[in-house]
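Colleague: I should like to learn how to read a helix and a disulfide in a model of this kind. Might we take them in turn?

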Amino acid sequence: MFSYLRKRFTSHITERSRRRARLVSKDGRCNIEFGNVEEQSRFVFLIDIWTTILDLRWRYKMTIFISAFLGSWFLFGLLWYVVAYIHKDLPEFNPSINHTPCVENINGLTSAFLFSLETQVTIGYGFRCVTEQCVTAIFLLIFQSILGVIINSFMCGAILAKISRSKKRAKTITFSKNAVISKRGGKLCLLIRVANLRKSLLIGSHIYGKLLKTTITPEGETIILDQVNIEFVVDAGNENLFFISPLTIYHVIDKNSPFFRMAAETILQQDFELVVFLDGTVEATSATCQVRTSYIPEEVLWGYRFAPIVSKTKEGKYRVDFQNFSKTVAVETPHCAFCLYNEKETKAKEKKGYDNPGFVMSEVSETSDTKM
């Protein structure tokens, strides 16, 4: 009893660890880690600072956004305080009545910070202002105004670009939870269902796949994550899809397919990951986006097809029932592609005649003479 429970527990842990070992998650995120990157290569991220800021998560982006403004306000506040201190404009120096300060009404560090904020965001309350007394203050005002415009443009542009990224549009494209293998048009096919949850179209959509597996070359080299192209098509072609309703894409398992040697009994023993990509242009923004998902052997159901999802109402409208989006129905399916093609070849040969090379036809001469 104990050995049986241990065996079940071990198989359960093995199955869980295998399910987690995937390069692309179901929602399209890549599970990969870069190690031992040279220190000089890390500066490349700082050189391409725009892309680095766009790829940051919102919590880090907002931290940089707030820190950039508060830091610049406080830094220039210190500079304005230094200018007032050097010019002896502060009340602690007891300036005379005829004394003209560089900046009116700066009485300390707090008022210098407020003047810095008012200058950079161009509020201009009119209470504090720069006089013509100090050339240094005039140059500092110009420099802060220019730098403030640059910071404001960069940070606001980065936030706007992240909000309008087509990555969010990809969230409204969904794939079926499982892929199925069954006959379609007399051929054994691997089928996947994909749907667009918005009424706006993806222009120029293109669907393709990559099969990731570990292969060993004839030279003995082990290649991890070896990529094999998987062509997916729909009945209308895989280019410029009319993606207004859910589509069932399929891959024909022929002799050139990597699934040709697999069978219903052995597919769960295989070690592969099928990554499916959908590229298209967002109709509203004309920005390109890519949606991706993946399927491991446990998520490929052999001998099933998808349940119907599109119907027509009495009012003449087309209705999509997403309750059946990932629902599958068991159907009669050959247990391997090799058997299906052998069956077809056998039936085709039965309809044809065969010549017997050992058969020799002899001619018989007929005589017209008869004896009575």
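Colleague: Which residues of α6 are buried?

Modeller: Please keep in mind that this is a predicted model. An α-helix has 3.6 residues a turn, so residues three or four places apart point the same way. In α6, the buried residues are Ala137, Leu140, Gln144, Gly148, Ile151, Met155, Ala158, Ile159 and Lys162.

Colleague: Against which helices do the buried residues of α6 pack?

Modeller: They pack against α3 (49-55), α4 and α5.

Colleague: How many residues has α6, and what distance does it reach from its first C-alpha to its last?

Modeller: The helix α6 comprises 29 residues and reaches 42 Å, close to the 42 Å expected at 1.5 Å a residue.

Colleague: Let us turn to the cysteines. Which of them form a disulfide?

Modeller: A disulfide is recognised where two cysteine sulfur atoms lie within 2.5 Å. Here cysteine 102 and cysteine 134 form one, with their sulfur atoms 1.6 Å apart. The pair links distant parts of the chain, 32 residues apart: cysteine 102 belongs to the loop between α4 (58-86) and α5 (109-120), and cysteine 134 to the loop between α5 and α6 (135-163). The link is left-handed, with -50 degrees about the S-S bond. A search of the whole structure finds one disulfide.

Colleague: Is cysteine 102 buried or exposed?

Modeller: Residues under 20% relative accessible area count as buried. Cysteine 102 has 1% relative accessibility and is therefore buried; cysteine 134, at 9%, is buried as well. Cysteine 129, at 36%, is partly exposed, and so is cysteine 156, at 37%.

Key
Residues numbered from 1 in each chain as written. Predicted model: local features only at pLDDT ≥ 70, side-chain atom pairs only at ≥ 80, totals over all residues. Heavy atoms only, no water. Helix = DSSP H or I, 4+ residues; strand = E, 2+ residues; numbered from the N terminus. Buried < 20%, exposed > 50% of the residue type's maximum accessible area, 1.4 Å probe, protein only. Expected span 1.5 Å × (residues − 1). Contact = heavy atoms within 4.5 Å.
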